[in-house]
Amino acid sequence: MRTIEWSNGIVVTIDQRLLPLEERWIEIRDCAEMASAIKEMKLRGAPLIGVAAAYGLALTAYHSKARRKEDLIQELEECARILRRTRPTAVNLFWAIDRVLEKARSVKGDLEDLRDAVVSEAIRMADEDVKMNREIGRHGAKLLSDGDRVLTHCNAGSLATVDYGTALAVIRAAWEEGKKVSVIADETRPKLQGARLTAYELMRDGIPVTLITDNMVGYVMSKGLVDKVIVGADRIVVDGVANKIGTYTIAVLAKEHKIPFYVAAPTSTFDFSKRSEDVIIEERSSDEVVYIGSVRIAPEGVKVMNPAFDITPIKYVDAIICEEGVLTREEFIKLAKARS
Ligand code: MRU
C-alpha cells in the first residue's frame, strides 16, 4: 500500500486520522496545506513526514509564479521555515528539507531546471524510501525465526513511510519468506496508532495480529508470549532512540524478561549531532489525553502532560536494523563515536 503519491502538482495521501473506520484519500495542493496536514497528523510517521515535507517544497516549486531563480529559492526557504515548525522530534523532516534545499541551491540551469530539480528530488526521495524499507526488511528478517511472536509499538508500517514500513518491513519480509510470525500490537495511547493503524495494516496483509492495551505489555511478557520486540524510530542519537511515547517502558520490560529489543529505521533517522538531552520532545494538546475520539474521559480542568515521544537509552537496544544491515549495539556505539 503506497501512502503518498505525487500526481501532476497534487499530493495524494490517506487521512490517517480517520482510519480504520474510513479510508479517505485527500489532495494537498500547497505548502501551507502540507504543513497543517503534518501538524494535525493527517499523515505521520518519521519517514513519511520527511517525504511529505519534500513534497511540500515540490508543490511550492511546481506552482510558483516566480520569474527569477532567486525568487523561487526565497519561496522555497519560506516554505521550509513553515514546514520546520510543524513537528520537532522526527529528524527525517529536517533531513528531507535540507536535502531538497541543498539540491535547489546547487542547480546551475534556469528557472525551469530549478523547478524540475526540486520536484524530481522529492519524487526520488519517495522512491528511495521504499527501496530502503525493503532492504531493512531483508536484513531484519534474518533476526526472526519461524513462529516468533513479535511485539511492536505505535505504527512503523506502510502508513508511517511511503510503503512497506520499517519495523513492519521486518515482519513483512519474514512473513514473505514463509516464516509463520505473529504480532502483538499495543494500542499506543493517546493517538492509538497501534490499535487503529498497525492492526489495520497487518490484517489487510493477512499477518496474524493481536491487539493489547499499553498496560498489558508487562503481563504478556511475563507470561512468555513475546519472543522479540521491534519498533521504529523518530531520531536515533548517539546515546539513545527517540520514538513514540511508551517505547522506553517496553524496552525496560524487554530487558527484564531477556527479550531482544530491536529498532528498525533508515539511516536518514540517525542524528549523530545530538545526544538524548538535546532532543526536543514534542508536547501535544491535552485534548489528546482527556478525550478518546470525541468522548471526554477526564474531569474538566485536570492538569495534563502529553509528551509525544520518549528516549530509550542505547543500553536497552540490542540492535538497529537499517538499510545497510544490522548494527549490534556495540557496532552502533562505535559508529556514533566515529561520526559525532
Ligand atoms: O506521532 P507519530 O505517529 O508520527 O509517531 C510515529 C512513531 O513514533 C513511529 O514509531 C516512528 O515515526 C517510526 S515510523 C517508521
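**Ligand site and unusual backbone geometry**

In this predicted model, an oxygen atom of the ligand lies 2.8 Å from an N or O atom in the side chain of R44. A ligand oxygen is likewise placed 2.8 Å from a side-chain N or O atom of R87, and for Q193, too, the separation between an N or O atom of the side chain and an oxygen of the ligand is 2.8 Å. Because a polar contact is a pair of N or O atoms within 3.5 Å, the pairs formed with R44, R87 and Q193 each fall within that cut-off. On its own the ligand has 410 Å² of accessible area, of which the protein covers 99%.

The position of the ligand is in the largest cavity. Two elements, α2 (46-63) and β9 (240-244), give two or more residues each to the shell around the ligand. There are 18 residues around the ligand, and those that come nearest are R87, Q193, D234, N243 and K244. When the shell is sorted by class, eight of its residues are nonpolar, six are polar and four are charged. Both domain 1 (4-134) and domain 2 (140-339) take part in the surroundings of the ligand, with at least three residues of the shell drawn from each.

Apart from the ligand site, the backbone was examined for peptide bonds and phi angles that depart from the usual pattern. Most peptide bonds are trans, and most residues other than glycine have a negative phi. A cis peptide bond is found between L19 and P20, where omega is about 5°; P20 belongs to the loop that runs between β2 (10-14) and β3 (25-28). Another cis peptide bond leads from R189 to P190, with omega near 5°, and P190 is located in the loop between β5 (182-186) and α7 (193-205). The helix α7 (193-205), which follows this loop, has residue number 193 at the start of its range, and Q193 is one of the residues that come nearest to the ligand.

A positive phi in a residue other than glycine is present at C154, for which the value is near 60°. C154 is placed in the loop between β4 (149-152) and α6 (167-176). Loops thus hold P20, P190 and C154.

Definitions and conventions:
Residues numbered from 1 in each chain as written. Predicted model: local features only at pLDDT ≥ 70, side-chain atom pairs only at ≥ 80, totals over all residues. Heavy atoms only, no water. Near = heavy atom within 4 Å. Polar contact = N/O pair within 3.5 Å; in protein donor to acceptor, adjacent residues only side chain to side chain. Areas by Shrake-Rupley, 256 points an atom, 1.4 Å probe, with all protein chains shown as cover. 1 Å grid on protein atoms, 1.4 Å probe; cavity = no way out; pocket = protein on both sides within 12 Å on 5 of 7 lines; lining within 4 Å. Sits in = over half its atoms within 2 Å of the grid points. Helix = DSSP H or I, 4+ residues; strand = E, 2+ residues; numbered from the N terminus. Nonpolar A, V, L, I, M, F, W, Y, C, P; charged D, E, K, R; others polar. Domains from an automatic or database assignment.
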